[in-house]
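Hello,

Here is the structure I promised to hand over. Please have a look at it, and then read on for what turned up in it.

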Amino acid sequence: ELGDKDNKLYISNQYLGLYIFEDATNPGTVPNQAWVDFIPRPTFAFTVSSTSKQSSLYTVDGLTQLTILERDLKPSILWEAVGGGRTLGTIEDVTIFSLAGQQIIATANGLNGVALFNIGSLIKAGDLKESRDKITYLDSDTPVSRLQFVPETGLLYIFNDGLTIVDPAQNNKVLSQISFSRRPRGLAYVPSTTPTGIQSFTYIAGDGIGVYDLSSPSNPQLVKSIPIQNVEDLFLFRIDNRPMLCLACGKDGLRILDVTDPYQPTIVMVLPTVADGFSRRAIVEGQLAFVADGYSGMRIIDLADPEQPMEIARLKTSSSVQDLVVDGGIVFMADANRGIQMVNISDLGHPQIVDNYDTAGSVLAVTQLISSSQILVADAGNGLQVLSINLPVSVRSPALTSITPRGVLAREQ
């Protein structure tokens, strides 16, 4: 008998036993590689059953027809705490950016401002030790809750009671500050086509959404105000070359804003959350939105038709999902007091938690190092944590991020 499951190829032999090969998605490699597991027992039939907890292999041997063997085939995922950086205050957010060939980690430390760690391309044990030559502190008059770095502008945006714009290339010079009556929560940088040519606007969630011209960062100009309240996060994506913003709006759920005309943006969709949900972060990969929805867990939403979105799946946890990172077929969720949850989304309709790393603090934000298998964790009072993850082949399959037409998804489910 021949079969494949969870990216493994199974070949049974009624006289010898069951051979198991990895990387079944690449048939060209199978004939040239040795099997990774072997059950030395005559095998007439087998099946593999997968649950959110484990994958189990059941074999029936042809000698008695009654013997069933069960073997736990859950892939071994190696988590390594590479290091940690204790800073002043509670870390609420973390981001990373490149500057002059170096990577800089920036952490939002509440009342203690911003801490900047200068590191190499890959963090090694001891790289984040607390020392004056490793950490630069930026003071803030009010608590810092979030940070964003925009590669197109090369600027760092610090969210406190207002928005502070900093140029890291000029020794972290403060270029300007924008005041808001409500604490700003996030921004999106949107290149747009206007009658005068290509112009970029920055959408900032504060008093509603403010559309700003920051072509001169030291002199911000408010272009348009959009009366949408409770926006926690903004994420730019495109459908049919139309620029849109996916808005995570807290208890109000999700909204899609068409920003083709920055002077006349239009709401094309409102998708409420459930009673215990709070849409805090949103990431769009292709046409799929992944939403960190608080106690409601993670939502996966198909935005192929922005006017009629379709929720594909919802994965609830025992804590509150604060943030997430999508890496191919894996989502890393910041799950507050349950640490980091690793979710396999290769089957979009049935996302499964495949592993967990419980930290000593409460995970409020997560991001991934550029081109590496390391993730950065904002672990509240436990500081900045760096985790290195060794993913086996069986959980590396890419997510299906482009589904056209929608009927294809229905058939897959």
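Before the strands come up, one definition: two strands are said to pair if DSSP finds at least two bridges between them. Please also keep in mind that this is a predicted model.

With that definition in hand, start at strand S26 (residues 288–294). Five bridges link S26 to strand S27 (residues 298–302), and the two run antiparallel. One of the partnerships here is that of Ala292, whose bridge partner in S27 is Met298. The hairpin of S26 and S27 has three residues between the strands, and in it Gly297 adopts a positive phi near 90°.

S26 also pairs with strand S25 (residues 277–285), again antiparallel, this time through six bridges. Glu285 has Leu288 of S26 as its bridge partner. Two residues lie between the strands of the S25 and S26 hairpin, where Gly286 has a positive phi near 65°. How much of S26 is buried? Seven of its seven residues are.

Further along the chain there is an open sheet to look at. Its four strands come in the order S29-S30-S31-S32, and their pairing is antiparallel. Strand S29 (323–327) and strand S32 (352–357) are the edges, each pairing on one side only. On average, neighbouring strands of this sheet are turned by 20° against each other, with direction ignored. Between S29 and strand S30 (residues 330–334) there are five bridges in the antiparallel sense; Asp323, for example, has Ala334 of S30 as its bridge partner.

Asn344 belongs to strand S31 (residues 340–344) of that sheet. Is Asn344 buried or exposed? Its relative accessibility is 11%, so Asn344 counts as buried, the cut-off being under 20%. The side chain of Asn344 also makes a polar contact, at 2.7 Å, with the side chain of Ser346.

Pro143 makes a useful contrast. This residue sits in the loop between strand S12 (135–138) and strand S13 (146–150). With a relative accessible area of 27%, Pro143 is partly exposed, because that class covers values between 20% and 50%. Which residues does Pro143 touch, leaving aside its neighbours within four places in sequence? Its contacts are Gly110, Leu111, Phe159, Asn160, Asp161 and Arg183. Val114 is 29 residues away from Pro143 along the chain, and the C-alpha atoms of the two are separated by 9.6 Å.

Next, the largest pocket, which holds about 1000 Å³ of space. It is lined by 31 residues, and those closest to its centre are Thr95, Arg146, Gln148, Phe149 and Phe235. The elements giving two or more residues to the lining are strand S9 (93–99), S13, strand S17 (186–194), strand S21 (233–239), S25, S29 and strand S33 (365–368). Which element gives the most? That is S13, with five residues.

Finally, the chain as a whole. One helix and 35 strands are found in it. Of its 413 residues, 52% count as buried. Among the contacts with a separation of 6 or more, 43% are between residues 24 or more positions apart.

Happy browsing, and do write back with any questions.

Best wishes

Methods:
Residues numbered from 1 in each chain as written. Predicted model: local features only at pLDDT ≥ 70, side-chain atom pairs only at ≥ 80, totals over all residues. Heavy atoms only, no water. Axes fitted to C-alpha atoms, helices over the stretch in contact; angles between N-to-C directions. Buried < 20%, exposed > 50% of the residue type's maximum accessible area, 1.4 Å probe, protein only. Contact = heavy atoms within 4.5 Å. Polar contact = N/O pair within 3.5 Å; in protein donor to acceptor, adjacent residues only side chain to side chain. 1 Å grid on protein atoms, 1.4 Å probe; cavity = no way out; pocket = protein on both sides within 12 Å on 5 of 7 lines; lining within 4 Å. Points joined across faces, edges and corners; volume = space filled by probe spheres on them.
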